[in-house]
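Got your viewer open? Here is a short tour, stop by stop, with what to select and what to look for.

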Amino acid sequence: MTPEMFIQHALNSLTLGSLYALIAIGYTMVYGILRLINFAHSEIFMLGAYFVFWGVSLFSLPWPLAVAASIVFTAGLGIMVDRIAYRPLRDAPRISALISSIGVSFFLQNVAIVFFQAIPRGVYRPEWMEQPWIVGAVRILPITLFVPVLSVLFMLGLLYIVYRTKTGLGMRAISKDIETSYLMGVNVNRVIAITFGIGSGLAAASGIMWALRYPQIQPMMGTIPGFKAFIAAVFGGIGSIQGAVVGGVVLGFIEIMTVAFFPDLAGYRDAFAFILLIGVLLFKPTGLFGARVEDKV
Amino acid sequence: MNRGTLTILNVLAVAALGLFIWWAQGSLDGYKIQILNLIAVNIILALSLNLIYGFTGMFSLGHAGFMAIGAYVCSILILTPDQKDTLFIIGGAAQWVQDAQAPFVVATLAGGLVAALFGFIIGFPLLRLGDDYLGIATLGFAEIVRVAATNMTSVTNGALGFKGIPAYANLWWNFGWCVVTLYVIVRLLKSNTGNVLKAIRDDETAAKAMGVNVFRMKLLSFTVGSFFAGIGGALLASLLTTIDPKMFLFTLTFNVLMIVVTGGLGSLTGSVLAGIGITVLLEWLRVVENPVFIGDFELAGIPGMRMVVFSLALIVVILFRREGLMGMREFSWQAVGSKLGLGGKPGSGKGGLAQ
């Protein structure tokens, strides 16, 4: 493999990894607070991409406005999902909310099939993103650099919210002990709603960028990236925002580099993440940055 | 009621089922028979998942994986060598796949056993995980099986899958296996092992403190559950006569989970009733996906609508009736007897058929 090819692969890995990272942040925030794997997250990701598509093609909004509208819409949708399907189950056994989230995931996916049809659609890309920069033999699409930079910015913003604001304090309190947080006067439902809003907005951002990078959208597009991003979150240590980002990037590198070095394994690409998951769960269930939780009677 | 009466009642119930099948075989049309077949297979799948999740408390999302294993093993054994020659157009079949051949009953059993073997092997590492981690890890296993089935072209014929699998799985086989599944699981749960499994479900730490070898018991339940999932997959393959990796997506697990949750976690009766109800409902909902004609006016069918209704139903069940149809209650002859005024204290026995 030539150095140029390696750099090309590395850049692609970084982009893919950053996309995983953005989705993973949503999983990790919700899991950190509610101990819930939000299966519906991957559908929010898909809807984010679709909202931009419809904004541009149906309402002929300018692209940046469509993006903004999509993020606001999906954030609202995330909050609504929590309100309708998860909040009534706060006191129920943990798995009930998980089953509910599986139901919501299938519901949103099939609503998308009903209303948007299952055929893949090409998405609009702003022109400046179509122009590759050529550096030696390496071809760089603007989006390739755009995505990682944006991911780091989002991560820093989130860390600021979680560690420097009152809402963030609430989030951390709830993740430690939800009942005590109630008693200490934290507006638990509001903080959780904000968490869902932020997580869903990020998923939408990721879905939009995914559609720019791999310019085709269809109602099932969220499932596999969603699973993989969750795995990235587990790998990084679920509940940790830095962990989600590191996990996402590492997973991106594993996927692309393994296929680059062992082309024979290309067909098994979708299985790597799951093998990684099982490995992590066996040897370091708390992930890279996770805190240890003991089972209590 | 004494033991003898109960045995007679159970035998009568099975005989009545036999009569019904005999009647159905002769007088119902192919479509209705197909629905009955699907009911039997879905009940097998629901019972096996209920054993794993409802009775042992292990949240497994790997059913599609075990079904895929059962389906592929069974199909390879019952496809004739000639069929394999025509099926494997890319690179031909591996020699052992080409040579493998067995009668249907052996093939079904083999499907179940191989699935059980996989359940045993992956259970070793995975069952140490709790709740949702187990769910996501078993889901990962099912995905790996599917990816492997897509890529191991010389064994599974890759993405093309198998076509023209001999349709041996008739009403007799399907309901026969259904009764066997019910019998084995009821016996298992009635035994002391069953009590231990329920203890683990209700409080694992407490069970451990009582000296229960939690891990071994979980592994047992998981292996038995995956065995019957494999049987269900094997029957399904012969029933539908075509399989390919796309069939074993997460949706398949979701359908089984739906039946178990709706019927009631920890109620075999619930799984049987929901298995019947939901299979019929799913078929009936196909109507909304097909075009409807009102006079000359055609309402276009809406693809995907079936799953919209279905997933909405799951959300409603989990939000408003979390215990499902039956909760943890079971059908028992005693309860029926006391209702009819034949004596016997109500609720003195749980879990009817094998009593």
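Start by selecting chain B and thinking about its contacts: of those between residues at least 6 apart in sequence, 79% join residues at least 24 apart. Keep in mind that this is a predicted model.

Stay with chain B and show it as a cartoon. You should find 17 helices and two strands. The radius of gyration is 21 Å, close to the 20 Å that the globule rule gives for 355 residues, so chain B is as compact as a globular protein of that length. If you draw a box along the principal axes, the C-alpha atoms of chain B fill roughly 65 × 60 × 40 Å. Buried residues account for 45% of the 355 residues in the chain.

Next stop: helix 14 of chain B, so select residues 268–284. This helix has 17 residues and reaches 24 Å from first C-alpha to last, close to the 24 Å expected at 1.5 Å a residue. Which residues of helix 14 are buried? Color Leu268(B), Thr269(B), Gly270(B), Ser271(B), Val272(B), Leu273(B), Ala274(B) and Gly275(B), then add Ile278(B) and Thr279(B). Now bring up what covers them: the cover includes helix 2 (30–55), helix 9 (171–190) and helix 13 of chain B.

Now turn on chain A and go to where the chains meet. Here 32 residues of chain B are in contact with 33 residues of chain A. On the chain B side, the elements giving two or more residues are helix 7 (131–151), helix 11 (204–209), helix 13 (250–263) and helix 16 (305–320). Which helix gives the largest share of that side? Pick helix 7 of chain B, which supplies 12 residues. Color the chain B side by class and you get 21 nonpolar, seven polar and four charged residues.

Last, two backbone oddities in chain A. Most residues other than glycine have a negative phi. Select Arg35(A), in the loop between helix 1 (3–34) and helix 2 (41–57) of chain A: this residue is not a glycine, yet has a positive phi of about 55°. Arg35(A) is partly exposed, with 17 other C-beta atoms within 10 Å.

Then move along to Ser60(A), in the loop between helix 2 and helix 3 (63–86) of chain A. Ser60(A) also has a positive phi, about 35°, without being a glycine. Is Ser60(A) buried or exposed? Ser60(A) is exposed, with 8 other C-beta atoms within 10 Å.

Technical notes
Residues are numbered from 1 along each chain as its sequence is written. Chains are lettered from A and ligands numbered from 1 in the order in which they are written. This is a predicted model: local features need pLDDT of at least 70, side-chain atom pairs count only at pLDDT 80 or more; totals for chains, interfaces and linings use all residues. Helices (H or I, at least four residues) and strands (E, at least two) are DSSP runs, numbered from the N terminus. The radius of gyration is taken over C-alpha atoms; the globule rule is 2.2 Å times the number of residues to the power 0.38. A residue is buried if 20 or more other C-beta atoms lie within 10 Å of its own, exposed if 12 or fewer, and partly exposed in between; C-beta atoms are placed from the backbone. Two residues are in contact if their C-beta atoms, placed from the backbone, lie within 7 Å. Ala, Val, Leu, Ile, Met, Phe, Trp, Tyr, Cys and Pro count as nonpolar, Asp, Glu, Lys and Arg as charged, and the others, Gly among them, as polar. The expected span of a helix is 1.5 Å times one less than its number of residues.
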